[in-house]
Amino acid sequence: MKKNNKLLSVVGLFVLSIIWGANVPYMKAALDFSGPAEFAFLRNFFGAVVLFGILLFLKKPILIKEAPKLFILGLFQTAGFTGFLIWALLEGGASKTVILVFTMPLWVSIMAWPFLKEKLTFGQWLASGICFLGIGIIFNPLSISNNIFSCSLALASGFSWACGVILSKRIHVKYPKLDLFTMTAWQMLLGSIPLFLILFIVTSEPIIWSNYFINIVLFNIIFVNGVAYLLWFYALKHLEASTVSLLSLLTPIAGGISGWLLLNEVPNKIELVGYILILLGLFSLLFYKKK
């Protein structure tokens with residue numbers, strides 16, 4: 001049973017990576033019809049509503065005592081990760097954003113040492129250095145045309161996501177009987193609260209409810225949030241945090257390809273070097289982890 005759970009986790013991460021990566025250009029396209037705060041709230045809140053509907057249908061427990069801890073998880077995993085991601089897409093390109101967001105495994109590997117007792121080897125520290133070099137090249141502060149603000153938002157999204165990974169793993173250890181479906185639904189609902197409050201602070205144009213925008217929102221609600229988050233937390237429950245993070249590296253590759261095909265975002269030579277160094281560093285972390 002344990003081997004089956006690990007196999008399902010790996011397959012689930014593969015499906016999740018394709019869904020998340022292919023969705024990035026559509027998220028950027030959705031911002032032509034909606035403000036970033038509105039779009040972030042819609043996809044997360046109604047994603048949670050769908051999950052709670054499934055909970056009722058399956059007659060699973062809804063009221064739980066771990067809600068305060070799940071609020072903190074939702075603050076990082078839903079509000080921080082999604083909020084910074086969509087804001088970064090508004091300010092910059094989809095391909096660069098998805099690459100920088102997926103520096104998440106780097107932050108997870110570093111934080112897993114003090115919080116999860118998963119120590120890094122010398123080789124992993126060296127791989128981390130390669131990642132940081134790639135990040136520095138992409139930031140390229142000497143270039144006037146480079147959008148440092150968008151890059152910073154993308155990194156903030158990845159770091160917030162990494163915090164969610166660490167918190168999720170600690171919750172699984174402390175509350176092993178906590179239902180995965182219930183946990184996913186609650187963290188998404190509670191994480192929508194800060195996004196809802198932001199709607200009263202940030203002003204934007206009214207939403208244009210076109211069929212194209214509605215289809216993007218529905219896809220994000222059902223697949224990107226509902227299905228993909230379940231696959232994500234399922235994998236976190238049965239695999240090591242750093243392994244889960246590194247196995248999801250197909251997402252930035254899929255995101256970069258879809259950004260190139262759908263948005264015609266072709267990286268320049270300097271950005272391409274940065275992308276290669278980041279991916280090389282992350283894959284090296286995986287290699288040394290397995291070794």
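**Notebook: core, Ser9 and cavities**

I started with the largest nonpolar core: 84 residues, of which Trp20, Phe39, Leu70, Trp161, Trp232 and Phe233 touch the most other members. Helix α9 (residues 211–238) supplies the largest share of this core, 12 residues. My core is a set of buried Ala, Val, Leu, Ile, Met, Phe, Trp, Tyr and Cys residues joined through side-chain atoms within 4.5 Å; buried is under 20% relative accessible area with a 1.4 Å probe, protein chains only. Helices are DSSP runs of H or I, at least four residues, numbered from the N terminus.

This is a predicted model, so I kept local features at pLDDT of at least 70 and side-chain atom pairs at pLDDT 80 or more, with all residues used for totals of chains, interfaces and linings. Numbering runs from 1 along each chain as its sequence is written, and side-chain values use heavy atoms, without hydrogens and water.

Next I looked up Ser9, in helix α1 (residues 2–30). Ser9 counts as buried because its relative accessibility is 1%. Beyond four places in sequence, Ser9 is in contact (heavy atoms within 4.5 Å) with Tyr234, Ala235, His238 and Leu239.

Then the cavities, meaning sets of points on a 1 Å grid over the protein atoms alone where a 1.4 Å probe fits but cannot get out; lining residues have an atom within 4 Å of a point. I found two of 30 Å³ or more, and the largest holds about 130 Å³; volume is the space filled by probe spheres set on the points, which are joined across faces, edges and corners. Among its 13 lining residues, Trp20, Val24, Phe81, Leu85 and Phe102 are closest to the centre. Helix α1 gives the most to this lining, four residues.

Terms used:
Buried < 20%, exposed > 50% of the residue type's maximum accessible area, 1.4 Å probe, protein only. Helix = DSSP H or I, 4+ residues; strand = E, 2+ residues; numbered from the N terminus. 1 Å grid on protein atoms, 1.4 Å probe; cavity = no way out; pocket = protein on both sides within 12 Å on 5 of 7 lines; lining within 4 Å.
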